[in-house]
Protein chains: 2
Amino acid sequence: MDLEAPTQSLHQRILNEIRDRILSGEWPPGFRIPFEHELTAEYGCSRMTVNKALSQLAKAGLIERRRRSGSFVTRPRSQAAVLEIHDIRIEVEALGLPYRYELASRQQRKATREDRERLGASSGGPVLQLDCRHFAGGRPFCFEERLINLAAVPEAAEETFTDIAPGPWLTGRVPWSTAEHAISATEADEVTAQALDLEAGAACLVIERRTWNAERPITHVKLVYPGESHRLVARFTPTEG
Amino acid sequence: MDLEAPTQSLHQRILNEIRDRILSGEWPPGFRIPFEHELTAEYGCSRMTVNKALSQLAKAGLIERRRRSGSFVTRPRSQAAVLEIHDIRIEVEALGLPYRYELASRQQRKATREDRERLGASSGGPVLQLDCRHFAGGRPFCFEERLINLAAVPEAAEETFTDIAPGPWLTGRVPWSTAEHAISATEADEVTAQALDLEAGAACLVIERRTWNAERPITHVKLVYPGESHRLVARFTPTEG
DNA sequence: AAGTGGTCTAGACCACAAA
DNA sequence: TTGTGGTCTAGACCACTTG
């Protein structure tokens, strides 16, 4: 069974063993896991090696570390689903409808306080605001409000975005390491209603997404879909590696 | 400004500076970043410190490391996100509000054609329909319409569900292998509006989830949240463990 | 064969929070 | 005051890959 341990780094092995004890419930939430110096003794290695494993576990959110107190198992995460959010063009074409994109407005400015909040940025800098619409079969399918952090993506200032939507333009050239989605429902205000050819007050599905790379804000986008006509479908199978 | 850098660890500073060079385009995809020993000289630190920064950048996907060759800026990747859907009690408690659960109706019957569609089942059999409400701080937080396939979960017939919500009851005893989520927005009909203490027509966020185990339908649930008050937040980091 | 990154050591000093 | 984690050093050996 476990005789085949060809090559696994020690800190990875320590990480795996602790992670398994946590996920199996052997070390429940709130449990204080052994101190670094205890693990050092248990594994017969230096403190750096143990520290590397524990630091990664803390970053993954499985444990919480407190000076002077030790490291504690955090509350377990519940269901996790893999939600693939496709490019809107692909969404539309998957419905068998012709796709069209239209830029409604483009504005470059120094980040306001509100912009910084949208981006999740601490410091200000130049930003690019884009409003655009995506059509499916001649009818409005999605209204997009996009904010791009020009400090992180300066080339965006040179792009007109009249022929390519900001989404595919960004994914084609900027990597990201973290994304946060917020999904909610709202009633269409007048601007949105007009953009989507709806009556004011109609239910809309709102998807907001923030993207970072290595803790640096890249972009914030708010996508508004007519509520009844759009379903966001996610299918997943729990995997473990 | 940037004068306020009271305490930032050196490896974090190295990480930030390299990340910024990459994101700004100064170091484009394919660019070979300086070797560890060069950065060691540049920052006047030990190799471990440089290595910590570079390892994290590699884990974040910003660079790729190859022995003997060096480290290279990677090309951007495509998108896929992990959506965490919490147990409702945990959702509520995370808001710091007292949680309460209430069963509104319970009905056992032979599956109708509509039931089979909801479950994604081909054959009929006994099902259990549960309508319930979840409260946060005394106010309706979520209206749940649940259908359980009794052929797959016969013990559910013995459970009253007056003291425990179907969600946690199921997750505590029935494993699942596949789930499908559909998220949409809708206007509250009269029943929903009354259940959630809203005006008819108010925007609501709807989450529908089907669960199977080894291709056997387990349950279907429709969760309706007041749209403005609820946000479904998902945070994703493409790491590897 | 040579040079890179991957890993690890056996120390060290410091910041921080609990006792 | 004490003990924890956070960080860093100045080495070291090894695996891998390219020249």
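**Two DNA strands and a helix pair in a predicted model**

Let me begin with the surface near DNA strand C, which by class has 5 nonpolar, 10 polar and 9 charged residues. I should say at once that this is a predicted model.

There are 24 residues around DNA strand C, and those that come nearest are A:Leu10, A:Cys45, A:Ser46, A:Met48 and B:Arg68. Which elements give two or more residues to this surface? From chain A they are helix H1, residues 10-23, and helix H3, residues 47-59; from chain B they are helix H2, residues 36-43, H3, and strand S3, residues 70-73. H3(B) gives the most, with 4 residues.

I turn now to DNA strand D. This strand is surrounded by 24 residues, of which the closest are A:Arg68, B:Leu10, B:Cys45, B:Ser46 and B:Arg68. At least two residues each are supplied by helix H2 (36-43), H3 and strand S3 (70-73) of chain A, and by H1 and H3 of chain B. The largest share, 4 residues, comes from H3(A). By class, the surface near DNA strand D has 5 nonpolar, 10 polar and 9 charged residues.

Next, the helix pair in chain B. Two packed helices are described by the angle between their axes and the distance between the axes. How do H1 and H3 of chain B cross? The axes of helix H1, residues 10-23, and helix H3, residues 47-59, come within 8 Å, and the crossing angle is roughly 50°. H1(B) is therefore oblique to H3(B). The hand of this crossing is right-handed.

On the side of H1(B), the contact is made by B:Leu10, B:His11, B:Ile14, B:Leu15, B:Ile18 and B:Arg19. H3(B) contributes B:Thr49, B:Val50, B:Lys52, B:Ala53, B:Gln56 and B:Leu57. By class, this contact has 7 nonpolar, 3 polar and 2 charged residues. B:Leu10 of H1(B) is part of this contact, and B:Leu10 is also one of the residues closest to DNA strand D.

Finally, a word on confidence. Chain A averages a pLDDT of 84, and 85% of the residues score at least 70. Where does the pLDDT of chain A fall below 50? One such stretch is residues 1-6, which has 0 contacts in the model beyond near neighbours in sequence. Over residues 237-241 of chain A, pLDDT likewise stays under 50, and the model has 2 contacts for this stretch beyond four places in sequence.

Thank you for your attention.

Key
Residues are numbered from 1 along each chain as its sequence is written. Chains are lettered from A and ligands numbered from 1 in the order in which they are written. This is a predicted model: local features need pLDDT of at least 70, side-chain atom pairs count only at pLDDT 80 or more; totals for chains, interfaces and linings use all residues. Axes are lines fitted to C-alpha atoms, for helices over the stretch in contact, and angles run from 0 to 180 degrees between N-to-C directions. Angles under 35 degrees count as roughly parallel, over 145 as roughly antiparallel, 65 to 115 as roughly perpendicular and the rest as oblique. A crossing is left-handed if the near helix is turned anticlockwise from the far one by less than a right angle, and right-handed if clockwise. Two residues are in contact if their C-beta atoms, placed from the backbone, lie within 7 Å. Ala, Val, Leu, Ile, Met, Phe, Trp, Tyr, Cys and Pro count as nonpolar, Asp, Glu, Lys and Arg as charged, and the others, Gly among them, as polar. A residue is near a molecule or strand if its C-beta atom, placed from the backbone, lies within 6 Å of it. pLDDT is the predictor's confidence in each residue, from 0 to 100.
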